[in-house]
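This report looks at charged side chains and empty space in one protein model. Please have the sequence and the structure at hand.

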Amino acid sequence: MTHFEKLSVAVIGAGVAGLGAAWRLAQSGCAVTLFDSAPIPAQSGAATWASGGMLCARLEMTGAPPPLAAFALGARAAWPAFAAELERVAAISCGFTERGALHVAFGRERAGTAGPGVERIDRAAALRLEPGLADEVTEALWTAGEAHVDPRWLALALVRACRSAGVTLAAETRVNRIVEQQGRVSGVLTASGVQGFDHVVLAAGAWSAGLLKVSNLPGPGVRPVKGEMVSFAADPRAMPASRLIWSDDCYIIPHADGRVLIGATQIESGFDASLDQGRIDALRDAAIRVLPALGSLAELERFAGFRPASDDGLPLLGGVGPDGLTLAGGQFRNGILFAPLVADAAAQHVLQGRLPEIARPFAAGRFTEIAA
């Protein structure tokens, strides 16, 4: 790819999609500048920082359209190598853990549908996997192939990887407009003025549609869907659980540093960042119903983030509008799971002008084509 060595690329957004795309592009020889209006990695309200970190290509994808299910499975298969490479480059852990997941049921309830790769197990088998389950748990779905990662460690590792690859980090630098000249994107406008780039990658999550609109560029709708969470502080040497656990009312994610994350609500309220304490109390209580030991732990944090949801619920990848613009967004609840494939898809679109085959069902241009 020697003829791309001088390609200059602006990446807008320092969540997992923007960080991953910036890293891959810099590895390919591009001169990359990563912009975010917040510190890098972005924290307050950012979907990555507020994520649970589930890598659930089966439990999370029950009933998903076949292309999305295939994308999820492909992303899950890419994660071990992605995590290993990232940890080698960054010299810190991203918390990648492959211990499977349980979806538990109470009393006479059934624990969902046992699809491919999912096994229905009885209480005794569930207790062998997680001895701390409540007495009321009667059965579970067991998916050995599920995993999780610590999204905050992941973001910090990606920042280190970007730095090591030569990415310029423009933190607390708001992109006010994407600049277009003669039918091609030519740069970005910040408070410092126009900065020229050969290509722009828009990975601003739930804020992407707003930036397209103020830039007078066509593009699909992306709306924020708030997800509220609560976390507990446990002793890392005596965790109440060792793997991801679902119920119909919550999910529980134990991380290696002792944090136990409980999530998550799904609220359509625009960019209202306020927390509904009653909803979060209900999450906490639902988690304690599954794992009673959580009731003896101190609460650590209550927080929320804005998931980027497209109009059809599918990712938004590749070109839209004028040449020189690539979208990497619309991941909704699965930004962490999709991260390896989204990074590769964005980089390939910038460098080769096309998406990988597995990503083509999610071409962002599908909305502008419909509108036309």
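## Arg 302 and its network

In this predicted model, Arg 302 counts as partly exposed because its relative accessibility is 22%, and buried would require under 20%. Arg 302 forms a salt bridge with Glu 299, with 2.9 Å between the closest N and O atoms. Glu 299 is also partly exposed, at a relative accessible area of 35% or less, namely 34%. Shared partners join these two residues with Asp 281, Arg 284 and Asp 285 into one network of salt bridges.

## Bridges between distant parts

The structure holds 20 salt bridges. One of them joins the side chains of Arg 24 and Asp 344, at 3.2 Å from N to O. Arg 24 lies in helix H1 and Asp 344 in helix H7, 320 residues apart. Arg 24 is buried at 13% relative accessibility, whereas Asp 344 is partly exposed at 35%.

Glu 301 pairs with Arg 152 in a salt bridge, the closest N and O atoms being 3.2 Å apart. This pair links strand E17 to helix H4 across 149 residues. Glu 301 is partly exposed at 27%, and Arg 152 is buried at 12%.

## A buried lysine without a bridge

Lys 226 sits in strand E13. Lys 226 is buried but has no salt bridge. Asp 272, the nearest side chain of opposite charge, is 4.2 Å away, so the pair misses the 4 Å limit for a salt bridge. The side chain of Lys 226 does reach the backbone oxygen of Ser 274, at 2.6 Å.

## The cavity

The structure holds one cavity of 30 Å³ or more, with a volume of about 40 Å³. Its lining includes Leu 202, Val 222 and Leu 316. Strand E19 supplies the largest share of the lining, three residues.

Technical notes: Residues are numbered from 1 along each chain as its sequence is written. This is a predicted model: local features need pLDDT of at least 70, side-chain atom pairs count only at pLDDT 80 or more; totals for chains, interfaces and linings use all residues. Side-chain values use heavy atoms; hydrogens and water are left out. Helices (H or I, at least four residues) and strands (E, at least two) are DSSP runs, numbered from the N terminus. Buried means under 20% relative accessible area, exposed over 50%, partly exposed in between (1.4 Å probe, protein chains only). Lys and Arg count as positive and Asp and Glu as negative; His and the chain ends are not counted. A polar contact is a pair of N or O atoms within 3.5 Å; within protein, one must be able to donate a hydrogen and the other to accept it, and residues adjacent in sequence count only if both atoms are side-chain atoms. On a 1 Å grid over the protein atoms alone, a cavity is a set of points where a 1.4 Å probe fits but cannot get out, and a pocket is an open set with protein on both sides within 12 Å along at least five of seven lines; lining residues have an atom within 4 Å of a point. Grid points are joined across faces, edges and corners, and a volume is the space filled by probe spheres set on the points.
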